[in-house]
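Here is a walk through one protein model, written for someone who likes to turn the coordinates around while reading. Have the viewer open and follow along.

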Amino acid sequence: MSKSKGYAALTARAALVPYTFERREPRAHDVVIEIKYCGICHTDIHQVRSEWNDYLPESIFPMVPGHEIAGVVTATGSGVTKYKVGDKVGVGCFVDSCRTCPECKSGLEQYCTVHTVWTYNARDHEGVPTCGGYSDRIVVDENYVLRMPQALPLDACAPLLCAGITLYSPLRYWQAGPGKKVAIVGLGGLGHMGVKLTHALGAEVTVLSQSLKKQADGKRLGADHFYATSDPETFARLKGSFDLVINTVSAEIDWNQYLALLKVGGTMVLVGLPEKNIPVGAFALTGARRTLAGSQIGGIRETQEMLDFCGKHGITCDVEVIPIQKINEAYERVLKSDVRYRFVIDMASL
Ligand code: NAP
Ligand code: ZN
Ligand code: ZN
């Protein structure tokens, strides 16, 4: 074991404070990564505040959050073949899985039916709690490490590892492309990546935001249309318009209103994860053969595909880089939708 430095919430809902903990020594297939940058995902806030207690087996404190990890390889185990010292690499929301179930075998490790080992607030195969990316180093099996786009800045690519793949995966699965009309609900960390990726995939993209405050940004990011959901006219005007609606909102909203925006046969995909269940009217679905679906990040193979796609198309996240000492302030600003569009911690500040 060796010492690692980071920031942790010592108890549920506590502010994050400096924290020292142990990381395992690298095993044969492990890569040691010096973390340069880590994005702040809204999930980190839900987890630190134990907002998903109805859905998770446990919340483990002290908790070192962070699953948008970008860094450089500093050491490799004797059996590592995919990476070498100096490589620019990333780690996303999980660091291992069972590797043998049908989902793992088909590259859908995020849906492993046996045991996905999440990057933090989880236990590894030995039962040891995992610690995330608000820290100086991480030790991860090479099969769960990603190669970052070589020509793009590492800080602006860190959020691709969660926000990027969480939008890329459903956009691909539900075939967003030329001729398709896609709406992205919520222009936050996930939503702004949704706009960029949908635009790059060639579909027509509409942003549905609470107000028109971010309209100019939305257009700059690639949106064809932008509407405020606080204006009731929006729902009347856009009724039956979309093939695909991707809902990134982290709070409770009236899903029936959004389902009504779908064409006949359209699909609304939930990626936002509010704390409470939300009722859905059967008629909102049956009346137009609509589908309500969900999607969770992406597997290792697809995450690499997304990173390569972003490398090829020059797609990065719009980030505000902060020192780690500003973490608690950043959380408050995320909760107020006051971030353009992802906070990224510069780990040199640790
Ligand atoms: P974020 O940056 O806070 O963005 C969420 C956006 O939702 C806000 O920017 C805001 O957009 C909108 N919003 C917030 N409160 C709202 C309200 N009361 N009513 C309507 N709209 C509201 O968060 P994020 O990091 O993108 O994450 C979004 C959600 O996705 C979180 O619940 C997170 O846990 C979840 N998540 C899921 C996955 C997955 O795999 N499924 C992966 C990562 C994150 P406007 O200002 O434009 O209205
Ligand atoms: Zn995330
Ligand atoms: Zn599995």
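Let's start with helix α4: nine of its eleven residues are buried, so the rest of the structure largely encloses this helix. Keep in mind that we're looking at a predicted model. The buried residues of α4 are Ala-163, Gly-164, Ile-165, Thr-166, Leu-167, Tyr-168, Ser-169, Pro-170 and Leu-171. "Buried" here means a relative accessible area under 20%. And what does the covering of those buried residues include? Among the elements over them are the strands β10, β13, β14 and β17 (342-346), together with the helices α5 and α10 (300-313). After α4 comes Gln-175, which has a positive phi near 55°.

Three of those covering strands lead us to the sheet. It's an open one, built from six strands that pair in parallel, and its order reads β12-β11-β10-β13-β14-β15. The edges belong to β12 (225-228) and β15 (291-294); each has a single partner strand, so one side of each lacks a neighbour in the sheet. On average, neighbouring strands here are turned by 20° against each other, ignoring direction. Zoom in on β13 (residues 242-247) and β14 (residues 262-270), and you'll find parallel pairing over five bridges. One bridge you can pick out has Phe-242 partnered with Leu-262 in β14.

Now put the helices back on. α4 (residues 163-173) packs on the sheet by touching β10 (181-185), β13 and β14, and its direction makes about 160° with that of β13. Helix α5 (residues 189-201) also packs on the sheet, where it touches β10 and β11 (204-209); its direction makes about 165° with that of β10.

How do α4 and α5 sit against each other? Their axes come within 8 Å and cross at roughly 45°, which makes α4 oblique to α5. The crossing is right-handed. On the α4 side, the contact is made by Ala-163, Gly-164, Thr-166, Leu-167, Tyr-168, Leu-171 and Arg-172. From α5 come Gly-189, Leu-190, Met-193, Gly-194, Leu-197, Thr-198 and Leu-201.

Next, the metal site. Which protein atoms are the donors of the zinc ion (ligand 2)? They are SG of Cys-41, NE2 of His-67 and SG of Cys-162, at 2.0 to 2.2 Å from the ion. In sequence, these donor residues follow the spacing C-x25-H-x94-C. Cys-41 lies in the loop between β3 (30-39) and α1 (42-48), while Cys-162 lies in the loop between α3 (154-157) and α4, so this pair ties together parts that are 121 residues apart in sequence. Both Cys-41 and Cys-162 are buried.

A few backbone details are worth a look before you close the viewer. The peptide bond from Phe-61 to Pro-62 is cis, with omega near -5°, and Pro-62 belongs to the loop between α1 and β4 (69-76). Another cis peptide bond runs from Arg-340 to Tyr-341, with omega near -10°; you'll find Tyr-341 in the loop between α11 (327-335) and β17.

Then there are two arginines. Arg-13, in the loop between β1 (2-9) and β2 (16-23), has a positive phi of about 70° although it isn't a glycine. Arg-13 is exposed, with a relative accessible area of 58%. Arg-289 sits in the loop between α9 (282-286) and β15 and has a positive phi of about 45°. Arg-289 is exposed too, with a relative accessible area of 68%.

Technical notes:
Residues are numbered from 1 along each chain as its sequence is written. Chains are lettered from A and ligands numbered from 1 in the order in which they are written. This is a predicted model: local features need pLDDT of at least 70, side-chain atom pairs count only at pLDDT 80 or more; totals for chains, interfaces and linings use all residues. Side-chain values use heavy atoms; hydrogens and water are left out. Two strands pair if DSSP finds at least two bridges between them. Helices (H or I, at least four residues) and strands (E, at least two) are DSSP runs, numbered from the N terminus. Axes are lines fitted to C-alpha atoms, for helices over the stretch in contact, and angles run from 0 to 180 degrees between N-to-C directions. Contact means heavy atoms within 4.5 Å. Donors are N, O and S atoms within 2.8 Å of the metal (3.2 Å for Na, K and Ca); water is not among the atoms, so sites may look incomplete. Buried means under 20% relative accessible area, exposed over 50%, partly exposed in between (1.4 Å probe, protein chains only). Angles under 35 degrees count as roughly parallel, over 145 as roughly antiparallel, 65 to 115 as roughly perpendicular and the rest as oblique. A crossing is left-handed if the near helix is turned anticlockwise from the far one by less than a right angle, and right-handed if clockwise.
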